[in-house]
Amino acid sequence: MGEKYWYQKQLRMLQTVLRESDMVGYDAKQVVEYLVKTNSNSIIINAGGIIDFFPIEEPLGRKNIFMGDRDILKELVEECHAHDIAVMVRVDFRGVEAERYEERPDWFAQDKNGKAKAGWGGRIHKPCYNGIYANDHAIQYIKNMMSRYPVDGIWENSVGFGDGPCYCRVCRDKYREDTGKEIPTGDDYASEEFREYRVWKASCAREHLRRMRDAVKSFGEDKAYCAEIFGMFHASNALMTGIDLYDAKDMFDFLVSPAFLDGSAQPDRKYDDLTYAASSMRFLKAIDPGKQAVLLYGNNGTKWRYVMAPKQETKIWLWEAASVGAGYWNCMFNGQHPGATHDKRNAGLETEAYTYLKEHEDILDGLVPWMDAGIYYSKSSRDRFGSDREELDEYGVFIKGVERAFTRNHVQYQFIPDLEFSYEKIRQLKMLVLPNAACISGEHMDIIREYVKNGGGLIASGRTSLYDETGRQRADFGLRDMFGCSYTGIEKDTSLDCYQKIRNHHEILHQCEPERTEVLMNEGRTLLCTECGSERMTAVCTYIPMIFNQPPEFAWRANLDTEYPTVMAGEYGSGRVVYFANQTDKLCYTNGHEDFLNLYLGACNWVMRGDAVIETDAPESVHVVLTRKVSSPEELVLSVVNTTSGTARPVREVLPVFHTKIRISLDAKSVVKWKTLRQEGKVSISSEREGGKLVISVELEKLQEFTSVYIKTN
């Protein structure tokens with residue numbers, strides 16, 4: 001491979017989302033001084049669309065009223081390039097205000113009554129993916145701007161402007177030409193009525209992305225194109241816009257998704273889980289491990305943009321992303337740079353993490369998470385059952401439960417998207433997890449069967465395989481032969497006063513102390529299933545109907561036994577399978593009772609036959625992550641993130657952890673070399689042969705925030 005383009009190298013970015021008034025006294029030299037001081041290597045700055053930040057004579061253009069005779073884009077590009085800093089420009093074609101809309105109303109989206117579609121408090125009139133404004137106009141705008149300025153790429157902000165159905169003339173004509181039908185006019189866009197239209201609209205969205213990419217690439221392959229697409233748990237955004245992170249694989253030159261500490265997909269959440277920074281980057285790396293994955297966060301928040309984000313949590317956020325091999329994108333929403341805004345308290349906070357990446361770029365670039373376990377990500381299931389509200393979500397929360405169990409117990413994992421799913425991608429896994437993966441194609445089920453027959457471990461839950469990849473329900477589980485049970489069609493609400501009866505003492509119950517209890521907790525919802533008569537599958541636990549707790553005198557049942565298993569465990573081919581007919585994985589997140597965690601982890605340990613790459617005495621609040629280089633798998637980085645603190649969020653203080661021991665068991669001969677990349681106390685490493693494997697022992701004298709070690713084996 002020849003010399004990499006700038007966007008193919010490690011990215012340490014700053015975005016200044018300028019307000020119109022930030023043009024006053026703009027100082028390009030000061031901006032670049034901040035970039036140099038923080039070891040940033042690229043910047044994203046406004047070019048235009050809503051407000052134009054360079055001299056322009058485009059139709060529907062709106063020049064910044066504070067610009068005067070200056071050309072700040074020219075000034076910044078020259079200053080940045082003099083310091084070898086790349087410049088991407090932000091364009092935003094989400095729409096225009098009423099005055100400009102009235103100049104060309106036929107360029108924009110319409111509702112079914114022929115009226116303009118407005119958003120953002122009714123101030124902005126939206127375009128659609130097929131209309132002139134976001135295509136012919138936008139492309140010409142980009143070409144004119146890139147002809148004048150030697151910018152290094154385009155960031156298309158708010159690309160999900162095309163939400164819901166559009167009834168403009170262009171869309172009506174195109175839909176009729178492509179399908180022979182009229183656009184549906186119902187009120188429920190998520191309904192079956194709009195299924196075909198949603199698929200069509202998603203193809204229009206991809207065409208829009210392709211046109212924009214082609215416009216940028218007409219100026220050279222060294223010019224980058226990327227756009228704003230929200231994360232894997234933003235179910236409603238993907239449904240309404242037709243744009244999903246899967247589109248990023250082929251369309252974008254590097255992978256980025258907003259992941260602000262205070263920007264959860266759940267609208268009622270103040271702060272996201274501290275592990276989401278790493279989780280979101282794992283997902284991007286799973287989509288395309290060959291591209292740079294970048295955490296788009298903010299030293300100042302996104303819900304509260306004028307004040308700093310919680311300082312200590314922001315540092316944890318950055319170290320979590322670094323632990324899985326990600327780059328950074330610090331996004332500021334006001335001021336010329338983080339040191340020139342209303343709240344400067346977090347200015348420069350990123351320097352330590354950015355410097356860590358820069359100093360070890362050769363080692364850290366191109367890392368991907370080690371995979372003992374793979375979490376199958378079903379986009380169809382997310383679209384069919386996901387929600388932005390956790391109390392309604394029947395997909396994302398299952399994944400979050402699995403991740404919580406894995407992270408707290410140091411299981412090394414990665415996502416396995418149903419995009420380009422194949423046997424080759426999973427054959428080396430010790431365990432594949434299907435968390436309520438309701439929608440699975442017949443082809444993917446055959447791959448999963450082959451994997452387990454050849455010795456792989458499988459854990460599935462809930463509605464897994466009850467639907468095909470289009471969301472249409474099957475008569476029974478598609479993987480019924482593997483689960484050892486059949487769905488009766490009855491689903492029970494077990495959210496209150498419900499339990500599971502231990503029927504058979506199985507190895508997966510080891511941490512649940514089955515010799516001391518007859519019952520385990522149940523919650524959520526439970527599918528009533530019946531055993532299929534498979535001699536190799538065992539009903540470990542069974543459903544107990546609700547036991548009302550009031551009045552206490554009546555809180556009992558004469559018989560706790562039923563024929564409906566909640567947990568099935570056994571063998572399939574040479575592999576092992578555990579199926580949960582209830583929501584054990586989800587409940588690791590929404591409830592957290594140790595019955596759910598211990599049961600799930602017992603199942604993991606059993607299907608993996610106890611063969612985990614990492615063993616450690618680190619507490620659950622310490623996150624241990626092993627990564628490897630894609631181009632050189634014998635090169636590893638062990639990262640350890642400390643989140644040990646008080647019980648309240650946001651975290652204000654991290655407490656040190658002492659004398660942490662970590663064992664890494666590898667199919668390798670010996671350690672060739674190692675070095676500490678970052679430490680807060682003495683780091684000791686030794687190795688020995690044990691049971692045919694190389695066992696590397698790492699001891700950390702002290703862990704305050706973050707420690708990492710590079711190891712090369714042969």
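**Exercise 1. The surroundings of Met371**

Leaving aside its neighbours within four places in sequence, with which residues is Met371 in contact? Work this out on the predicted model, and then place Met371 relative to the strands around it.

*Solution.* Begin with the position of Met371, which is in the loop between strand E11 (367-369) and strand E12. Once the neighbours within four places in sequence are set aside, the contacts of Met371 are Gln412, Tyr413, Gln414, Ile416 and Leu429. Next, take Phe415, which is 44 residues from Met371 in sequence, while the C-alpha atoms of the two are 8.8 Å apart in space. Finally, consider exposure: the relative accessibility of Met371 is 27%, so this residue counts as partly exposed.

**Exercise 2. The enclosure of strand E13**

Determine how many residues of strand E13 are buried, and describe how its two faces are covered.

*Solution.* First, count along strand E13 (residues 413-417): 5 of the 5 residues are buried, and the strand is therefore largely enclosed by the rest of the structure. Second, recall the general pattern, in which the side chains of a regular strand alternate between the two faces of the sheet. Third, sort the residues of E13 by side, with Tyr413, Phe415 and Pro417 on one and Gln414 and Ile416 on the other; all of these are buried, and both faces of the strand are thus covered. Fourth, look for a pairing partner: strand E12 (residues 373-377) runs parallel to E13 and is joined to it by 5 bridges, and within this pairing Ala373 has Tyr413 as its bridge partner.

**Exercise 3. The open sheet**

Trace the order of the strands in the open sheet of 8 strands, and identify its edge strands.

*Solution.* Reading across the sheet, the order is E7-E6-E3-E2-E1-E10-E9-E8, with parallel pairing. The edges are strand E7 (224-227) and strand E8 (255-258), each of which pairs on one side only. Neighbouring strands of this sheet are turned against each other by 25° on average, direction ignored. For one pairing in detail, take strand E1 (residues 12-16) and strand E10 (residues 327-332), which pair in the parallel sense over 5 bridges; here the bridge partner of Arg12 in E10 is Tyr328. To add a helix to the picture, note that helix H2 (residues 72-82) lies across strand E2 (42-48) and strand E3 (86-92), and that H2 runs at about 165° to E2.

**Exercise 4. Cysteines**

Establish how many disulfides the model contains, using a cut-off of 2.5 Å between cysteine sulfur atoms.

*Solution.* The count comes to 0 disulfides. Cys204 illustrates this, since the nearest cysteine sulfur, that of Cys171, is 6.5 Å away and Cys204 is in no disulfide; with a relative accessible area of 1%, Cys204 is buried. For Cys512, the nearest cysteine sulfur is that of Cys541, 7.5 Å away, and Cys512 is likewise in no disulfide. Cys512 counts as buried at 7% relative accessibility.

**Exercise 5. The protein as a whole**

Decide how the radius of gyration of the protein relates to the globule rule.

*Solution.* The protein has 19 helices and 30 strands. Its radius of gyration is 27 Å, close to the 27 Å that the globule rule gives for 714 residues, so the protein is as compact as a globular protein of that length. Of the 714 residues, 60% count as buried. The accessible surface comes to about 27,900 Å², of which 47% belongs to carbon and sulfur atoms.

How values were computed:
Residues numbered from 1 in each chain as written. Predicted model: local features only at pLDDT ≥ 70, side-chain atom pairs only at ≥ 80, totals over all residues. Heavy atoms only, no water. Pairing = 2+ DSSP bridges. Helix = DSSP H or I, 4+ residues; strand = E, 2+ residues; numbered from the N terminus. Axes fitted to C-alpha atoms, helices over the stretch in contact; angles between N-to-C directions. Contact = heavy atoms within 4.5 Å. Buried < 20%, exposed > 50% of the residue type's maximum accessible area, 1.4 Å probe, protein only. Rg over C-alpha atoms; globule rule 2.2 N^0.38 Å. Areas by Shrake-Rupley, 256 points an atom, 1.4 Å probe, with all protein chains shown as cover.
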